[in-house]
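Got a model open and a few minutes to spare? Let's walk through it with some quick questions.

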Amino acid sequence: SDAEEMRSWPSVYASAWSSLDPKAVGDLYAKDAVRQDTLFGEYQEGRSAIQSFAKTFFSWYPNARWTPHLIFGEKKWRDKPQAVGSLFTIKVSGSSGEACEVMVVVLLQILEGKIIQEDLFYEPESLIRCGWAK
């Protein structure tokens with residue numbers, strides 16, 4: 001059902017972004033997808049640009065593990081994109097090597113089984129605690 005598909009997306013997303021496989025990440029996105037992270041000024045347009053960013057992200061955080069929490073979304077309407085979102089924790093090594101969790105809300109627009117737009121919103125204190133921001 002549509003509800004089951006909506007609930008599965010955050011797990012599929014988390015698995016790909018935890019995989020260390022840029023191709024697995026790229027396979028989630030439509031050819032002309034847009035991914036934006038306004039806090040860090042990251043903007044990728046197109047599957048290959050997103051896949052390239054994933055490769056860079058994995059080099060920065062090779063042990064990052066994404067876990068979805070609080071999944072939300074809206075019902076799919078005809079040929080309109082489905083909105084799916086989740087709060088995620090990203091387990092990483094902090095600036096001193098300690099285990100740390102960054103919290104981020106990811107909003108996805110999905111059409112025909114592919115992400116066409118992604119927006120990320122971070123919890124600021126977790127960024128500071130994990131050394132991603134000052």
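What follows is a set of questions and answers on this predicted model.

Q: How much space lies in the largest pocket?
A: Let's start with what surrounds it. The lining of the largest pocket is made up of 13 residues. The space inside comes to about 180 Å³.

Q: Which residues lie nearest the centre of the largest pocket?
A: By class, the lining holds ten nonpolar and three charged residues, with no polar ones. Of the 13 lining residues, the ones nearest the centre are Asp37, Phe40, Trp60, Tyr122 and Trp132.

Q: Which element gives the most to the lining of the largest pocket?
A: The elements that supply two or more lining residues are β1 (29–37), α3 (47–60) and β6 (114–122). The top contributor gives three residues, and that is α3.

Q: How far does α3 reach from its first C-alpha to its last?
A: This helix has 14 residues. At 1.5 Å a residue, the expected span is 20 Å, and α3 comes close to that. Its actual reach is 20 Å.

Q: Within what arc do the buried residues of α3 fall, seen down its axis?
A: The buried set in α3 is Ile50, Phe53, Ala54, Phe57 and Phe58. Looking down the axis of α3, these residues line one face of the helix, because they fall within an arc of 140°.

Q: Which exposed residues sit on the face of α3 turned away from its buried side?
A: To be called exposed, a residue needs over 50% relative accessible area. On the face of α3 turned away from the buried side, the exposed residues are Ser48, Lys55 and Ser59.

Q: How many aromatic pairs does the count come to?
A: Rings pair if their centres lie within 6.5 Å. One such pair is Trp17 with Phe53, whose centres are 6.3 Å apart. By this rule the count comes to 18.

Q: Are the rings of Trp17 and Phe53 stacked, edge-to-face or tilted?
A: Planes under 30 degrees apart would be stacked and over 60 edge-to-face. The planes of Trp17 and Phe53 stand at 55°, so this pair is tilted.

Q: How many residues apart in sequence are the parts that the Trp17 and Phe53 pair ties together?
A: Both partners count as buried, Trp17 at 1% relative accessibility and Phe53 at 11%. Trp17 belongs to helix α1 (residues 2–17), while Phe53 is in helix α3. The pair therefore ties together parts whose separation in sequence is 36 residues.

Q: What are the distance between ring centres and the angle of the planes for Phe57 and Tyr61?
A: Phe57 is buried, at 7% relative accessibility. Its pair with Tyr61 counts as tilted. The centres are 5.3 Å apart and the planes stand at 50°.

Q: Which residues form one aromatic cluster?
A: We have already met a few of the members, including Trp17, Phe53, Phe57 and Tyr61. The full list is Tyr13, Trp17, Phe40, Phe53, Phe57, Phe58, Trp60, Tyr61, Trp66, Phe88, Tyr122 and Trp132.

Q: What is the phi of Leu20?
A: Most residues other than glycine have a negative phi. Leu20 sits in the loop between α1 and α2 (22–26) and is partly exposed, at 41% relative accessible area. Leu20 is not a glycine, yet its phi is positive, at about 65°.

Q: Is Glu112 buried or exposed?
A: Glu112 has a positive phi near 50°, though it isn't glycine. Its place is the loop between β5 (99–111) and β6. With a relative accessibility of 79%, Glu112 is exposed.

Q: What distance separates the C-alpha atoms of Ser19 and Pro62?
A: Ser19 is in the loop between α1 and α2, and it's partly exposed at 33% relative accessible area. Along the chain, Ser19 and Pro62 are 43 residues apart. Their C-alpha atoms are separated by 9.2 Å.

Q: What distance separates the C-alpha atoms of Phe88 and Trp9?
A: Phe88 lies in strand β4 (residues 82–93) and is buried, with a relative accessible area of 2%. Phe88 and Trp9 are 79 residues apart along the chain. Between their C-alpha atoms the separation is 12 Å.

How values were computed. Residues numbered from 1 in each chain as written. Predicted model: local features only at pLDDT ≥ 70, side-chain atom pairs only at ≥ 80, totals over all residues. Heavy atoms only, no water. 1 Å grid on protein atoms, 1.4 Å probe; cavity = no way out; pocket = protein on both sides within 12 Å on 5 of 7 lines; lining within 4 Å. Points joined across faces, edges and corners; volume = space filled by probe spheres on them. Helix = DSSP H or I, 4+ residues; strand = E, 2+ residues; numbered from the N terminus. Nonpolar A, V, L, I, M, F, W, Y, C, P; charged D, E, K, R; others polar. Expected span 1.5 Å × (residues − 1). Buried < 20%, exposed > 50% of the residue type's maximum accessible area, 1.4 Å probe, protein only. Arc of directions from axis to C-beta. Phe/Tyr/Trp six-rings, centres within 6.5 Å; stacked < 30°, edge-to-face > 60°.
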